[in-house]
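This briefing concerns one chain of the structure shown below, with attention to its helices and to how they pack. Please read it with the sequence and the coordinates side by side.

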Amino acid sequence: MARRPTGPGPTIGLAVAGLACLGAGLALGPLQQPRVQVPDLGSEPAVPVSPAPPGPSSSPSGTASALPASLPWTVAASPRLLDLPTQRVRAHVVPIGLQSGSLDLPDDPHVVGWWAAGAAPGDSSGSAVLAAHLDSASRGIGVLTALTRVLPGDPMMIADAAGDVHRYSVDSRRTYAKADLPDALFARSGPPRLVLITCAGHFDARTGHYDSNLVVVARPDG
Amino acid sequence: MPRARLARLTLATTLLTLAVSGLAGLAPAASASAAATPDSADRTWMIAAHQGNLAEIAAGRSALQRSPSGEVRRIGQMFITDHSRLDSQLTAVAQQLAVTLPSAPSPAQREELAVVESHPGSAYDSAWLAAQTVAHRATLVATQQELSTGTAPSVLALARATTPVVQKHLIELQNAAGSVRSVKGGTGGQAATASSAPVLLSTVGALLILAAGVLGVIRRRRGAVA
């Protein structure tokens, strides 16, 4: 009659494998940082660059030809309201400037800042840049978390101070390391477009910042 | 918060602009014989442009007194010079056309400047540049409206003379604001979620160790029975 093996082989094997998994899990745990990660979308480049801004072809005053090419000939009033109907998001828009080279975003992540020194939605050229905090330590998750869910073709509307509504469709969504955010996103010349920016990537609880930017580019309809 | 007040003021400006646009839209179509006298659109634009000039002159004086930036002070002086010149031309035409002009900026414009002045140091410059950009865009849009709906030749000439000056100011404001180097768009971390891989690995490891222990006990008992 054959005798069953009584050696410790399987038991030790299981124990070693268990210790390895447990050790790996415990070692990786502290290294894991919370993150916001969504795939890049859109078939067109996020940063179409046009070095030749459209300038005025004629001037009623006869002096506009001397103007720098960075000024769009047709300017719109300042934006006041952002509407993302597919995400059921409507947010107030306020003008913002820079603080030490960074956009001075509204503290409230439910309010969107418009970079006032750039183009405005409805201008005949340039990037109209809107940005907001993804979240805030004191006020929770913000409206631009919706950018993690938008898809190419989704509509976006901006109502301005003169009562005009400017309509756009999403072209692309890209995540950039903060250090690699393209300057061309802020171009005052080139084709008109809407650029929405918030944060993404790893969140560092020590510094209170994310390491990347989520950028959605939309083009005007019509 | 100054930003919240600024947002309320910009909303008030929006409503004012909408009201002005509505008034302009109600203006009757002018005939050639009526073109020498100002219509509703002409009067509305003259009043808005005059108060805009007064507000820009006040903003320029504020910048000269308060801005730590030489560039912002230079632009402030340019506003004083250019808008004083534009306004002297405008008031002369208003007298000829018997249009009564207000003597001061609107309460909303005065309060908006007060909000800008509540910011300290470099934040004043940032708020001043943003507020002036909004104001100049509003002036340009109103002037474009006048050029498309106004009828009085002297007022239309004023609007045409105003356009390149305000455009130049807008460019100066944009250039003075500098370039964006970064966007720090999140401070809370609530939108971020941690990966579940470490927890899963630890759980599997603990289960394997538990299974090894149970198996060891069973084997020892069977060995003892044998």
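For residues 4-9 of chain B, where pLDDT stays under 50, how many contacts beyond four places in sequence does the model have? The model has nine such contacts for that stretch. This is a predicted model, and the points below begin with its confidence scores before turning to the helices of chain B.

**Confidence**
- The model as a whole scores ipTM 0.74 and pTM 0.75, while chain B averages a pLDDT of 83, with 78% of its residues scoring at least 70.
- Besides residues 4-9 of chain B, residues 11-35 of chain B also form a stretch over which pLDDT stays under 50, and for these residues the model has 37 contacts beyond four places in sequence.

**Overall architecture of chain B**
- Chain B contains seven helices and zero strands, so that its pattern, read along the sequence, is α-α-α-α-α-α-α.
- Of the 226 residues in chain B, 42% are buried.
- When contacts in chain B between residues at least 6 apart in sequence are considered, 74% of them join residues at least 24 apart.

**Helix α6(B)**
- Helix α6 of chain B covers residues 153-176, and because each of its 24 residues is taken at 1.5 Å, a span of 34 Å is expected, which agrees with the 35 Å that separates its end C-alpha atoms.
- The buried residues of α6(B) are Val155(B), Leu158(B), Ala159(B), Thr162(B), Thr163(B), Val166(B), Gln167(B), His169(B), Leu170(B), Glu172(B), Leu173(B) and Gln174(B).
- The elements covering these buried residues include α2 (40-66), α3 (70-97) and α5 (121-149) of chain B.
- After α6(B) comes Gly178(B), which has a positive phi near 85°.

**Packing of α6(B) against α5(B) and α2(B)**
- The axes of α5(B) and α6(B) come within 9 Å and cross at roughly 155°, which means that α5(B) is roughly antiparallel to α6(B); the crossing of these two helices is left-handed.
- Residues making this contact include Leu129(B), His136(B), Leu140(B) and Leu147(B) on the side of α5(B), and Leu156(B), Thr163(B), Val166(B), Leu170(B) and Leu173(B) on the side of α6(B).
- The axes of α2(B) and α6(B) are 10 Å apart and the two helices pack at an angle of about 40°, which means that α2(B) is oblique to α6(B); here, too, the crossing is left-handed.
- On α2(B) this contact is made by Asp42(B), Trp45(B), Met46(B) and Ala49(B), which meet Val155(B), Ala159(B) and Thr162(B) of α6(B).
- Ala159(B) and Thr162(B) therefore appear in the contact of α6(B) with α5(B) as well as in its contact with α2(B).

**Helix α3(B)**
- Helix α3(B) has 28 residues and reaches 40 Å from its first C-alpha to its last, close to the 40 Å expected at 1.5 Å a residue.
- Val72(B), Ile75(B), Gly76(B), Phe79(B), His83(B), Leu86(B), Asp87(B), Leu90(B) and Ala94(B) are buried in α3(B), and the buried residues of this helix pack against α2, α5 and α6 of chain B.
- Just after α3(B), Ala98(B) takes a positive phi of about 60°.

Methods
Residues numbered from 1 in each chain as written. Chains lettered and ligands numbered in written order. Predicted model: local features only at pLDDT ≥ 70, side-chain atom pairs only at ≥ 80, totals over all residues. Helix = DSSP H or I, 4+ residues; strand = E, 2+ residues; numbered from the N terminus. Expected span 1.5 Å × (residues − 1). Buried ≥ 20, exposed ≤ 12 C-beta atoms within 10 Å, placed from the backbone. Contact = placed C-beta atoms within 7 Å. pLDDT = per-residue confidence, 0-100. Axes fitted to C-alpha atoms, helices over the stretch in contact; angles between N-to-C directions. Parallel < 35°, antiparallel > 145°, perpendicular 65-115°, else oblique. Left-handed = near helix turned anticlockwise from the far one by under 90°.
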